[in-house]
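Reader: I am new to this structure and should like to be guided through it by questions and answers. Please show it first.

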Amino acid sequence: MSKLTKNQKLASAKVEAGKAYTLKEAAELVKEITTTKFDASVDIDVRLGVDPRKANQMVRGVVSLPNGTGKQVRVLALCTPDQEAAATEAGADYVGLDEYIDKIKGGWTDVDVIITMPAIMGKLGALGRVLGPRGLMPNPKSGTVTNDVAGAVKEVKQGKIDFKVDKAGIVHTSIGKVSFTADMIVENAQEFIQTLIKLKPTAAKGTYVKSIYLSSTMSLGVKIDPKSVDDKI
């Protein structure tokens with residue numbers, strides 16, 4: 001087992017074992033215990049009382065974070081020529097169709113989000129083996145398959161993210177950067193958690209939000225009292 005560094009020891013001493021903090025306290029604490037030299041991402045992990053193996057208990061959705069993610073999201077818009085100018089103006093990093101489909105077939109995946117149109121999805125079927133494992137395949141449920149390509153590009157650039165519960169019943173996503181103020185982190189976290197609550201499957205019984213942890217890249221996880229976010233949890 002590797003030894004803790006001096007900074008890790010100091011950080012560990014600031015997080016009280018077993019204590020559940022308020023969301024505001026957790027946001028402030030994560031900023032305080034992060035010692036990376038780069039602007040680390042702030043992540044949230046929510047364990048849900050669902051069985052993802054059952055289709056009627058799958059939790060998946062999208063949310064627009066009020067303060068964005070702090071990340072530079074690279075967007076590829078696969079669209080017809082009449083939509084290209086609008087997609088470019090909306091901020092898409094790459095815009096086109098057949099030339100990019102050929103690049104992807106060749107192994108190119110240097111993007112974070114791909115947005116396309118319903119009429120074009122047929123052409124993307126052959127790209128499933130490349131895009132699927134990387135989470136890049138456009139999906140109507142996440143808003144990345146739409147006739148309003150420019151609108152979708154703008155939303156993603158402004159902080160729209162999609163999420164999905166994993167096999168262990170946990171939803172994990174980044175909601176900002178350590179350079180954000182604690183209030184900005186809190187606002188983003190509240191928006192994300194409230195969206196999860198709205199998506200509660202009717203088939204889910206018992207406690208829905210079992211635990212919430214906030215952390216940054218390489219930092220300790222800080223446990224949050226769910227009641228401090230929503231007293232109805």
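Reader: Which residue follows helix 7, and what is the sign of its phi?

Author: Helices (H or I, at least four residues) and strands (E, at least two) are DSSP runs, numbered from the N terminus. This is a predicted model, in which local features need pLDDT of at least 70, side-chain atom pairs count only at pLDDT 80 or more, and totals for chains, interfaces and linings use all residues. Residues are numbered from 1 along each chain as its sequence is written, and side-chain values use heavy atoms, with hydrogens and water left out. The residue after helix 7 is Gly-159, and its phi, near 120°, is positive.

Reader: Where do the buried residues of helix 7 lie around its axis?

Author: Buried means under 20% relative accessible area, exposed over 50%, and partly exposed in between (1.4 Å probe, protein chains only). In helix 7 the buried residues are Val-149, Ala-150, Ala-152, Val-153 and Val-156. Their directions, taken from the helix axis to the C-beta atoms, fall within an arc of 160°, so these residues line one face of the helix.

Reader: Against which elements do the buried residues of helix 7 pack?

Author: Contact here means heavy atoms within 4.5 Å. One of the buried residues, Val-156, has a relative accessible area of 8% and belongs to helix 7, residues 149-158. Leaving aside neighbours within four places in sequence, Val-156 is in contact with Val-73, Val-75, Val-113 and Ile-115. The buried residues of helix 7 pack against strand 3, helix 3, strand 5 and strand 6.

Reader: How far apart in space are Val-156 and Val-75?

Author: In sequence, Val-156 and Val-75 are separated by 81 residues. Measuring from C-alpha to C-alpha in the model, the distance between Val-156 and Val-75 is 8.1 Å.

Reader: Which element gives the largest share of the largest nonpolar core?

Author: A nonpolar core is a set of buried Ala, Val, Leu, Ile, Met, Phe, Trp, Tyr and Cys residues joined through side-chain atoms within 4.5 Å. The largest one has 39 residues, of which Ile-44, Leu-48, Phe-192 and Leu-214 touch the most other members. Elements giving two or more residues to this core include helix 2 (23-33), strand 1 (41-48) and strand 8 (209-216). The largest share, 7 residues, comes from helix 8.

Reader: How many residues are in the other core?

Author: This other core lies apart from the largest one, and among its members are Val-73, Ala-77, Ile-101 and Val-149. Its residues number 29.

Reader: In what order do the strands of the open sheet stand, and which are at the edges?

Author: Two strands pair if DSSP finds at least two bridges between them. The open sheet has 4 strands with antiparallel pairing, in the order 7-1-8-9. Each edge strand has a single partner strand, so one side of each is left without a neighbour in the sheet; the edges are strand 7 and strand 9.

Reader: Which residue of strand 8 is the bridge partner of Arg-47?

Author: Strand 1 and strand 8 run antiparallel and are joined by 7 bridges. In strand 8, the partner of Arg-47 is Ser-211.

Reader: At what angle does helix 2 run to strand 9?

Author: Helix 2 lies across strand 8 and strand 9. Axes are lines fitted to C-alpha atoms, for helices over the stretch in contact, and angles run from 0 to 180 degrees between N-to-C directions. Helix 2 runs to strand 9 at about 170°.

Reader: Why does the salt bridge of Asp-93 and Lys-157 tie together separate parts of the sequence?

Author: A salt bridge is a side-chain nitrogen of Lys or Arg within 4 Å of a carboxyl oxygen of Asp or Glu. The side chains of Asp-93 and Lys-157 meet at 2.8 Å, N to O. Asp-93 lies in the loop between helix 3 (81-90) and strand 4 (94-96), while Lys-157 is in helix 7, so the pair ties together parts whose separation in sequence is 64 residues.

Reader: Is Asp-51 buried or exposed, and what of Arg-53?

Author: Asp-51 and Arg-53 form a salt bridge at 3.0 Å, N to O. With a relative accessible area of 16%, Asp-51 is buried, whereas Arg-53, at 74%, is exposed.
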